[in-house]
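This report covers salt bridges, helices, domains and one surface patch. Please look over the sequence and the structure before reading on.

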Amino acid sequence: MAMDVKAAAARLEAAGERIIHMEVGEPAASAPKSVLAAATEAISRGKIQYTTALGIPSLRQRIAKHYLDLHGQFIDPDRIVITTGSSGAFLLAFLTLFEPGDRVAVANPGYPPYRHILKTVGCAPVLIETTPDTRYAITPDTLLAEHRKSPLQGLLIASPANPTGTMMTPEALKELIETAEAAGIRVISDEIYHGLDYTIDASTAASTSERTVIVNSFSKYFCMTGWRIGWMVVPEALVRTIERLQQSLSISVSTVSQIAAEAAFDGIEEMEAVKRGYQINRQILIEGLPKIGFTKFQPADGAFYLYADVSAFTDDSLDFTSAMLTKAKVAATPGLDFDPLFGRTSVRFSYAGSAAEMHEAVENLANWLR
Ligand SMILES: Cc1ncc(COP(=O)(O)O)c(C=O)c1O
């Protein structure tokens, strides 16, 4: 649905309208200069060949160092697998961990491809309803209640989460992982929005368990969506299976992107400046939206999303975002995309653009709703 809104916005733009894009979860900034330079240099050398299925060893080592620098956590580079974004990592993880028919818990609301990819590999996504009281996170109680109904084989968690931008405290994350694994439920932790945390420090599941499969990506913090590159941290016992799967499914990940990604870690200063921009945007929305009637939303702890309850205006978020686009010239995503059960009364705003656009969006929305 986010992509449908984007397409509708593009049609209006082609007709000469100016649209503020808050629909797709994509950084407006470019990848760090170090990335562009490394890619240019690699291309100018000319010979771009396959890499090993698990990825270029120096990149895997560099990612391991990142965990040491950021979390003080040693991770054996042999447990790191380079993937085609976190999207590619989900496929490898689901195929490796689960059998057709397995039940895998995901938070509702949540990122739609979790359910779509699970269904594609024959698994049953089990939506666990979450509420603002738990910052939209699954808790040990809600997990075990579902497990008692019929055993779960998997649990997929994300902190910061999409679409809510909410986070789990390090204690809540640890407790949930330990509860799940003690019950024999395999955990996958989607850490794609790590680095973009504003109120709570994002802690990695790698600090709690070596059994958890961690999925991460260069797409968000490093602004590298189109480079299609991410990584996994996997239990040692699964490395060989994942290597064989990746070899068969795609041989290896884009070599230019792997070379470029290694240089991303030299661009942290630049990316921290981008992050400061998101923080300003977040503040503009947190202060501006309530003044125009969007009074109910979660603290937006991380990522670049704000998930607003729009029940005061509508019970059809699809219609509401469509009218918002044509009348207020603001593109946002209907909650229905993330929550098939209750998303009719929610809208997700992505604030990965500029501060000027955020001010303009609030003003346009105010004029529309007045
Ligand atoms: C929560 C979450 N996980 C994974 C992805 C996939 O990202 P990529 O495949 O670019 O790494 C996204 C993209 O928006 C996301 O929001």
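## Salt bridges

The model is predicted. Asp316 has a relative accessibility of 22% and therefore counts as partly exposed, since buried would require under 20%. Its salt-bridge partner is Arg344, and the closest N and O atoms of Arg344 and Asp316 are 3.8 Å apart. The two residues belong to distant parts of the chain, 28 residues apart: Arg344 is in the loop between strand 12 (333-334) and strand 13, and Asp316 is in the loop between strand 10 (305-309) and helix 11. Arg344 is also partly exposed, because its relative accessibility is 41%.

The structure holds 14 salt bridges. Another of them joins Arg18 and Glu360, with the closest N and O atoms 2.5 Å apart. Arg18 sits in the loop between helix 1 (2-14) and strand 1, while Glu360 is part of helix 12, so this pair ties together parts that are 342 residues apart in sequence. Arg18 is partly exposed, at 47% relative accessibility. Glu360 is partly exposed as well, with a relative accessible area of 27%. Elsewhere, a network of salt bridges links Arg103, Glu146 and Lys149.

## Helix 2 and Glu41

Glu41 is located in helix 2 (residues 33-45). A salt bridge connects Glu41 to Arg45, and the closest N and O atoms are 3.1 Å apart. Both residues lie in helix 2, with a spacing of 4 residues, about one turn of the helix. An α-helix has 3.6 residues a turn, so residues three or four places apart point the same way.

Which of the two counts as exposed, and which as partly exposed? Arg45 is exposed, because its relative accessible area of 54% is over the 50% cut-off. Glu41, at 44% relative accessibility, is partly exposed. The C-alpha atom of Glu41 is 45 Å from that of Leu289, and these residues are 248 residues apart along the chain.

## Domains

The domain assignment of the chain gives two segments for domain 1, 2-21 and 269-369, and one for domain 2, 47-265. Taken over C-alpha atoms, the centres of domain 1 and domain 2 are separated by 27 Å. How many residues of domain 1 are in contact with domain 2? There are 25 such residues in domain 1, in contact with 29 residues of domain 2.

## Helix 12

Helix 12 spans residues 355-369 and has 15 residues. From its first C-alpha to its last, helix 12 reaches 21 Å, close to the 21 Å expected at 1.5 Å a residue. The buried residues in helix 12 are Met358, Ala361, Val362, Asn364, Leu365 and Ala366. Their cover includes two helices, helix 10 (268-291) and helix 11 (317-328). It also includes strand 1 (20-21), strand 11 (330-331) and strand 13 (346-350). Glu360, the partner of Arg18, is in this helix but is partly exposed.

## Helices 5 and 7

Helix 7 (residues 170-182) has 13 residues and extends 18 Å from first C-alpha to last, close to the 18 Å expected at 1.5 Å a residue. Leu173, Leu176, Ile177, Thr179, Ala180 and Glu181 are buried in helix 7. Among the elements covering these residues are helix 6 (140-149), strand 5 (154-158) and strand 6 (186-190). Just after helix 7, Gly184 has a positive phi of about 80 degrees.

In helix 5 (residues 112-120), the buried residues are Pro112, Tyr114, Arg115, Ile117 and Leu118. They pack against helix 4, strand 3 (103-108), strand 4 (124-129), strand 5 and strand 6. Strand 5 and strand 6 thus appear in the surroundings of helix 5 and in the cover of helix 7. Gly122, just after helix 5, takes a positive phi of about 85 degrees.

## A nonpolar surface patch

Leu91, Leu95 and Leu249 form a nonpolar patch on the surface. Together they have about 240 Å² of accessible area. Leu91 is part of helix 4 (residues 85-97), an element that the buried residues of helix 5 pack against. Leu91 counts as partly exposed, because its relative accessibility is 31%.

Definitions and conventions
Residues are numbered from 1 along each chain as its sequence is written. This is a predicted model: local features need pLDDT of at least 70, side-chain atom pairs count only at pLDDT 80 or more; totals for chains, interfaces and linings use all residues. Side-chain values use heavy atoms; hydrogens and water are left out. Patches are made of residues with over 30% relative accessible area and no salt bridge: like charges are joined within 9 Å, nonpolar side chains (Val, Leu, Ile, Met, Phe, Trp, Tyr) within 5 Å. Accessible areas come from the Shrake-Rupley method with a 1.4 Å probe; for residues, only the protein chains shown count as cover. A salt bridge is a side-chain nitrogen of Lys or Arg within 4 Å of a carboxyl oxygen of Asp or Glu. Buried means under 20% relative accessible area, exposed over 50%, partly exposed in between (1.4 Å probe, protein chains only). The expected span of a helix is 1.5 Å times one less than its number of residues. Contact means heavy atoms within 4.5 Å. Domain bounds come from an automatic or database domain assignment.
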